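Got the sequence and the model open? Let's walk through them together, one question at a time.

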Amino acid sequence: MGNTIDGAGTGTLASPFTVSGEQLIISDYLPTDLTIQNGGVLNSETTYVGANPGSLGTVTVTGTGSQWTLSDDLFIGLMGDGTVNVLDGATVASDTVVIGYVSSAVYSSAFGSVTIDNATWTNTNDFLIGRAGDASMTIQNGGYLSTLTGVIANGVDSESNMTVDNSTWDATTITVGNYGDGTLDIQNGGTVNATSVYLAYSSNTSSGTITVDNAALNASSLLDIGTTGIGIATIRNNGTITVNSGAGTVAVGSNSYLNIGAAYDQTAQAAGTLEAQTVDLTGASSTLVFNHTDTEYEFNADITGDGSVRVESGETNLTGASDYTGATEMYGGQLSVTGSLNSTTQLTVYDGTFAVEDGGSVSISSATIGTSVADADAAALVDNASFTLTGDLSVGDNEDGSLTLQNSANLTAGNFYLGELSRGSGTAVIDNSSVDVSSGDLIVAWRGEGTLTLQNGASVDADFGSVGNNIGSVGTLVINNSTWTGNSLRAGYSGIGTITIQNGSTVTVGGGTGNLLVASNYAGTGTLNIGAAAGETAVSPGTLKAGVVQFGAGDGKLVFNHTDTGYEFDAQITGDGDVEVYSGETILTGSNFYTGTTTIYGGLLTVNGKILNSDVIVSGGSIGGTGTIITMTIASGGTIAPGNSIGTINVSSLTLNSGSTYEVELDNGGFVAGTNNDLISASGTVTIDGGTVNVTPENGTDDGTTYSYGTYTIITATGGITGTFEDVTDDFAFLDFALSYDNNHVYVTSSLADFCLSGFNSNQCATANALETVGSGTFVNAITSLSTSEAPGAVSLLSGEVHASVKTALVEDSGYARDVLNTRLRQAFDEFTPQAPTTAQDANLVDPQQVLWVKGFGGLGKIEDNGNTAGIDKYSGGILLGGDIKVAESWIIGVMGGYSQSYLNIPIGPLLRALRPSIPVPMPVAPLVTFHCGLVESSVGTLSTPAAR
């Protein structure tokens with residue numbers, strides 16, 4: 001059945017049509033339609049659209065000027081189904097509206113539907129969308145609704161929704177889910193304005209959901225999400241929720257959510273904006289969710305209350321001052337704090353990055369970075385900010401986790417763990433920042449894997465430090481240009497632990513007198529590296545300030561692999577462990593009782609203290625010092641050089657193998673062993689299985705001219721000497737040394753060597769033999785102080801062979817001036833050859849009877865040595881000028897003059913360097929200056945030489 005009220009007068013009912021003093025029922029039992037159109041007008045009081053079970057009533061108000069005015073209640077879907085459509089500029093004015101109303105439990109359902117499409121509805125009282133029944137309402141295409149109170153899902157069993165699409169709803173109070181389950185979607189530029197907005201308000205079984213999608217919700221007083229029931233508010237795709245112009249509070253109750261982007265179990269969407277001063281997570285199970293796709297998204301509200309924050313996706317920056325006490329959980333994305341967070345919250349990063357940046361501060365109870373979620377990328381970053389935990393910080397709890405502190409960041413924790421559980425792997429880099437665990441433990445690899453790197457001026461203060469703590473753990477601590485301070489520190493307690501101190505770092509244990517424990521338990525493997533690890537490129541060392549390095553029952557090792565000279569290691573070394581030296585000069589000053597092996601693969605180990613229980617093996621590099629060593633073997637490639645310059649090294653027993661070197665330094669003071677020459681003093685036996693003794697001056701400035709020939713004692717052995725050296729070498733060109741032995745001593749005796757050394761040419765041998773005949777004097781002393789490589793050049797210079805080379809060079813250079821003069825004479829005769837004039841102008845020319853000329857000349861060259869004479873580099877240049885005149889048909893006379901310089905570079909060798917160290921090599925000889933003059937007379941076919949030159 002259909003009726004129309006048509007403003008054009010063509011309807012089934014007149015317009016205006018007024019129902020007064022009685023009810024208007026549209027579909028009591030049978031389906032009934034009413035259309036108000038073309039400016040038609042309906043005035044009614046109480047009206048029912050779909051009044052009884054099974055009824056189906058529809059009212060359509062359409063077109064500009066069409067209107068429906070109600071002075072009393074309007075029920076749409078009263079135990080039946082009712083629909084009202086307000087379209088295309090039409091208007092409805094009402095008092096109270098109920099959509100979807102079940103008045104009795106006898107009637108199980110009712111459904112009401114309202115659409116406002118590019119039209120206006122004004123309501124002066126309550127507007128209930130779902131009163132025990134179900135309802136759906138849509139405002140779209142610029143539609144407008146104004147109500148006093150708006151309620152969606154007002155009844156217990158109501159499931160109702162409202163959509164505001166590119167339209168506006170103004171109300172005093174809006175409740176979504178009063179007793180039932182209500183939904184409000186604001187989208188596509190839609191706007192909802194209210195004084196107060198409540199979600200899930202009156203019953204703990206109710207639920208209310210608001211989604212603001214590229215739209216706006218403005219609450220001038222408050223937004224209450226889940227006051228009693230479950231409330232969910234989502235802001236996405238640049239939507240905005242504003243509370244009290246940005247100064248208000250959003251309250252989120254128990255089991256309720258405020259979502260930025262999307263709910264935690266949905267696909268992330270672009271974020272929306274909350275303009276409010278505070279988000280109060282009033283319930284212990286209330287949650288603020290960030291699950292969006294934005295980068296650099298700022299959330300400015302303060303977060304308070306007992307609820308939690310959950311991050312799923314996107315980059316979110318908390319700029320406010322927050323103190324909520326619930327958990328902070330991250331499953332992806334990045335949560336940054338540039339404001340402050342001070343609470344008892346527990347932070348858990350399953351995946352994603354938690355950051356404190358740009359002066360932000362976080363003070364919470366505890367944090368776990370990397371747990372439970374496999375193949376995740378859990379991280380924490382503290383950048384120019386502070387991060388304080390009253391309890392534990394665990395990085396890599398039972399999955400992978402990382403922590404970075406940089407740019408003067410500060411971390412304070414009760415305890416700090418990296419790789420806490422067996423599946424955990426934690427990595428931390430402390431860069432120009434500080435860590436304070438001064439009242440607790442800092443454990444790198446508790447049961448899992450852990451790496452901690454300190455660099456660029458970082459500092460750590462930890463009461464107790466352990467690297468590789470439990471069986472199965474693997475921990476690494478690298479201290480690079482940084483400091484570590486603590487009461488105790490250990491490497492490889494029951495796991496595998498490595499501590500590296502390098503590049504000027506300082507590690508202080510127990511105020512400088514404590515114990516650094518290495519491989520404490522039988523299952524532990526511990527390594528302490530000074531500089532770099534074995535097999536790596538050596539770097540500058542750091543300093544360990546500790547009383548003792550104590551090896552335990554496990555596999556312990558101390559490695560020196562650095563680039564310094566004179567590096568002192570003062571801590572005492574005890575226990576059962578090994579010491580390895582790869583590079584740099586390391587000086588041991590303490591009394592060391594460790595029982596493992598000391599192996600020198602490179603560098604220099606200077607023992608000025610004691611090594612009393614370790615077998616020392618020098619298989620490369622050198623050992624020296626003035627201390628005491630019980631047992632020592634110098635293997636092939638190894639060197640022993642007693643003292644810190646000249647000095648005595650003390651051993652109990654010593655073995656020198658084939659290929660080893662004993663480097664003996666001498667001075668010119670005499671023959672006192674240990675004072676004028678190096679000495680090995682053995683209280684037991686010395687076994688010599690070959691090797692070489694190399695004799696060298698004490699320092700580079702010692703020219704050896706004051707050395708006396710004689711015998712030096714270089715080994716004493718109370719228990720006797722077995723074997724001999726294979727060879728003796730030296731760094732003196734004209735001194736020879738010979739070895740001799742008795743039962744308890746080894747001696748080296750010096751004498752003057754044959755001056756004609758192997759490899760000399762005939763000139764050099766002749767000169768050397770002459771010097772040997774002289775026997776003494778300045779030149780002899782200078783020659784005898786030179787090395788074998790320096791001697792040939794010095795002897796060549798003394799031979800005088802350079803004079804012949806200079807003469808050759810000067811003769812060659814004289815040809816430059818002669819060539820200039822001959823060239824001029826040939827040119828002059830060419831000019832004076834008679835020729836017939838070819839033009840009148842040529843006939844008037846004067847014959848060239850007289851000429852003035854000038855000519856420059858020069859060149860450079862090299863006279864190669866021939867193995868017996870010296871080579872010379874030379875270059876010269878000059879200028880000649882002159883004049884000549886024709887005195888007869890075939891006679892010319894003239895004069896010439898000029899100036900030239902020649903330079904000769906002569907390699908003077910090390911002899912003059914020894915006599916006059918300030919002379920450069922090669923020495924540029926002073927220029928040879930030549931003045932030229934001459935008288936020339938010549939005729940065709942003859943040429944006279946210059947009269948003078």
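Here come some questions and answers about this predicted model.

Q: How many helices and strands does the chain have?
A: Let's start with the big picture. Buried residues make up 52% of the 949 residues in the chain. As for helices and strands, the count is 6 helices and 86 strands.

Q: Among contacts between residues at least 6 apart in sequence, what percentage join residues at least 24 apart?
A: Here we look at contacts in the chain between residues at least 6 apart in sequence. The share of these that join residues at least 24 apart is 60%.

Q: Which strands are the edge strands of the open sheet of 8 strands?
A: Strands of a sheet pair through backbone hydrogen bonds, either parallel or antiparallel. In this sheet the pairing is parallel, and the order reads 60-63-66-68-70-72-75-78. An edge strand pairs on one side only, and that fits strand 60 (567-569) and strand 78 (727-730).

Q: What is the average twist from one strand to the next in that sheet?
A: Picture stepping across the sheet, with its order 60-63-66-68-70-72-75-78. From one strand to the next, the twist averages 25°.

Q: Which residue in strand 68 stands opposite Leu-604?
A: Strand 66 covers residues 604-607 and strand 68 covers residues 621-625. The two pair in the parallel sense over 3 bridges. Opposite Leu-604, in strand 68, stands Ser-622.

Q: Is Ser-146 buried or exposed?
A: Ser-146 sits in strand 17 (residues 144-152). Leaving aside neighbours within four places in sequence, Ser-146 is in contact with Trp-121, Thr-122, Asn-123 and Asp-170. Its relative accessibility is 19%, and the cut-off for that class is under 20%, so Ser-146 counts as buried.

Q: How far apart are the closest N and O atoms of Asp-213 and Arg-236?
A: Side chains of opposite charge can pair when their charged atoms come close. Asp-213 is in strand 22 (residues 207-213) and Arg-236 in strand 24 (residues 230-236), 23 residues apart. Both Asp-213 and Arg-236 are buried. They form a salt bridge, and the closest N and O atoms are separated by 2.9 Å.

Q: Is Arg-423, the salt-bridge partner of Glu-399, buried or exposed?
A: Glu-399 lies in the loop between strand 43 (392-395) and strand 44 (400-406), while Arg-423 lies in the loop between strand 46 (415-418) and strand 47 (425-431), so this pair ties together parts 24 residues apart in sequence. Glu-399 is buried, with a relative accessible area of 9%. Arg-423 has 55% relative accessibility, and the cut-off is over 50%, so Arg-423 counts as exposed.

Q: Which residue does Glu-580 meet in a salt bridge?
A: Glu-580 lies in strand 62 (residues 577-583), and its partner is in strand 59 (residues 555-561), 23 residues apart. Glu-580 is buried, with a relative accessible area of 10%. The partner is partly exposed at 28%. The N to O distance is 3.6 Å, and the partner is Lys-557.

Q: Which residues make the nonpolar surface patch of about 360 Å²?
A: One member, Ile-879, lies in strand 82 (residues 872-888). At 40% relative accessibility, Ile-879 counts as partly exposed. The full set is Val-854, Ile-879, Leu-881 and Tyr-899.

Conventions:
Residues numbered from 1 in each chain as written. Predicted model: local features only at pLDDT ≥ 70, side-chain atom pairs only at ≥ 80, totals over all residues. Heavy atoms only, no water. Patch = residues over 30% accessible without salt bridge, like charges linked within 9 Å, V, L, I, M, F, W, Y side chains within 5 Å. Areas by Shrake-Rupley, 256 points an atom, 1.4 Å probe, with all protein chains shown as cover. Salt bridge = Lys/Arg side-chain N within 4 Å of Asp/Glu carboxyl O. Helix = DSSP H or I, 4+ residues; strand = E, 2+ residues; numbered from the N terminus. Buried < 20%, exposed > 50% of the residue type's maximum accessible area, 1.4 Å probe, protein only. Pairing = 2+ DSSP bridges. Axes fitted to C-alpha atoms, helices over the stretch in contact; angles between N-to-C directions. Contact = heavy atoms within 4.5 Å.
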